[in-house]
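Trainee: Please give me a close look at one part of this model, and spell out each cut-off where you first rely on it.

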Amino acid sequence: MKIAQLVRPNILSLKPYSSARDEFPGTEGVFLDANENPYGVLNRYPDPHQAILKQTIANEKNLSVNQIMIGNGSDEIIDLAFRIFCEPGKDKVLVCSPTYGMYRITADINNVEVVDIPLNEDFQLNTQLLLEVAERESVKIVFLCSPNNPTGNLLKDIDIVLRQFEGIVFVDEAYIDFCSQKSLVEKLDEFPNLIVSQTFSKARGLANARVGMAFGAPEIIEFFNRVKPPYNVSGINQKAAVDALKDREGFKRNLYSILSEREKVIEALKKLRVIKKIFPTEANFVLVQCMHAGDVYQRLIEKKVIVRNRSTQIPDTLRISIGTPEENRLLIKSLKEL
Ligand SMILES: *Cc1c(COP(=O)(O)O)cnc(C)c1O
């Protein structure tokens with residue numbers, strides 16, 4: 001597979017910006033090269049290559065630094081994928097609804113057509129149809145989200161798509177730490193067309209810091225680094241991400257709490273008459289179907305409990321994030337009172 005054949009011609013020939021820190025990467029000296037203010041604590045530009053963060057992630061995940069790209073949240077990574085591979089007004093991508101809304105929004109912003117091959121009633125891929133359509137329509141990127149948002153389940157046939165589809169397979173693993181399956185990061189060497197995205201926003205508890213990760217073959221990652229704005233992740237946020245990775249105990253403790261609370265919330269929801277169906281989940285949220293979801297949503301707001309109404313995507317559904325034990329108790333109490 002030739003990745004370069006999938007890349008937009010203008011990106012193939014793009015000469016990336018060379019920052020002051022690219023031209024003099026040393027750390028010793030009097031720095032009068034970047035028009036920074038000499039006073040203050042946040043006065044210097046951050047490392048555009050995010051070297052310390054990437055090395056920490058590489059050690060953690062057993063990868064090399066050239067397989068890692070850091071984005072301003074995974075939303076930036078999704079946007080960069082469009083800008084690298086999709087010619088506006090010409091190329092197409094494929095999504096499987098119901099799924100994360102940012103793939104379509106980002107496609108619309110980039111003027112790229114979206115082909116939708118909806119998930120089946122078990123929220124699994126229509127794999128054969130997906131492959132047929134992807135080939136017929138010369139799709140550039142297939143977006144797969146596993147565990148999927150807002151349904152919460154893992155997708156089973158990603159391997160088949162990776163083997164048979166000739167374009168880019170972008171697998172969004174925002175919720176991978178909450179689930180029972182291993183990350184596809186382990187298969188990067190096997191699949192040169194695979195991009196895996198992960199984030200510090202969910203299991204790592206850093207949604208405010210906006211740090212996302214893309215993993216892929218060095219050839220793909222090189223294009224991401226070529227196109228990204230040089231200082232796309234602040235130094236404060238790079239450090240926050242490094243600290244989060246070092247805090248193994250805190251990570252395990254929070255993850256354990258969220259997972260055990262998830263089971264408690266599900267058990268409590270099962271006993272409520274208003275809840276008609278609880279969809280299986282491998283994420284830090286649970287999708288439920290209920291009678292008059294719109295009303296339930298509004299009445300929960302009156303009780304100061306805010307959930308996400310997903311009824312436009314799947315009829316009469318609410319997506320409920322797992323909170324602290326106290327927050328979850330308030331959710332269940334409020335639902336009981338309805
Ligand atoms: C929350 C979420 C993300 C995270 O996006 P960030 O920009 O990294 O905060 C990515 N993908 C999916 C499917 C999500 O639900």
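Mentor: Let us start in helix H10 (residues 248–270), where Glu 261 and Lys 264 are three residues apart and therefore separated by about one helical turn; helices here are DSSP runs of H or I with at least four residues, strands are runs of E with at least two, and both are numbered from the N terminus. This is a predicted model, in which local features need pLDDT of at least 70 and side-chain atom pairs count only at pLDDT 80 or more, while totals for chains, interfaces and linings use all residues. Residues are numbered from 1 along each chain as its sequence is written, and side-chain values use heavy atoms, with hydrogens and water left out.

Glu 261 and Lys 264 form a salt bridge, with 3.4 Å between the closest N and O atoms; the term requires a side-chain nitrogen of Lys or Arg within 4 Å of a carboxyl oxygen of Asp or Glu. The two partners differ in exposure, since Glu 261 is buried at 7% relative accessibility, whereas Lys 264 is exposed at 54%; buried means under 20% relative accessible area, exposed means over 50%, and partly exposed lies in between, with a 1.4 Å probe and protein chains only. Arg 262 pairs in turn with Glu 263, their closest N and O atoms being 3.1 Å apart, and here Arg 262 is buried at 9% while Glu 263 is partly exposed at 40%. Elsewhere, salt bridges that share partners join Asp 159, Arg 163, Lys 187 and Glu 190 into one network.

Over the whole structure the search finds 20 salt bridges. One of them joins the side chains of Arg 8 and Glu 87 at 3.5 Å, N to O, and this pair links distant parts of the chain, 79 residues apart, with Arg 8 in the segment before H1 and Glu 87 in the loop between H4 and strand S2 (92–95). Arg 8 is buried at 13%, and Glu 87 is partly exposed at 24%.

H4 also leads to the ligand, as it gives the most to the surrounding shell, with three residues. That shell holds 13 residues, the closest being Ser 74, Tyr 175, Thr 199, Ser 201 and Lys 202, where a residue belongs if one of its heavy atoms lies within 4 Å. An N or O atom in the side chain of Thr 199 is 2.6 Å from an oxygen atom of the ligand, the side chain of Ser 201 likewise has an N or O atom 2.6 Å from a ligand oxygen, and a polar side-chain atom of Lys 202 lies 3.3 Å from an oxygen atom of the ligand. Taken alone the ligand exposes 390 Å², of which the protein buries 94%, by the Shrake-Rupley method with a 1.4 Å probe.

Ser 201 itself sits in the loop between S6 and S7 and is buried at 14%. Its side chain makes a polar contact of 3.5 Å with that of Arg 210, a polar contact being a pair of N or O atoms within 3.5 Å, with a possible donor and a possible acceptor of hydrogen when both belong to the protein, and residues adjacent in sequence counting only if both atoms are side-chain atoms. Leaving aside residues up to four places away in sequence, Ser 201 touches Leu 206, Ala 207, Arg 210 and Val 211, where contact means heavy atoms within 4.5 Å.
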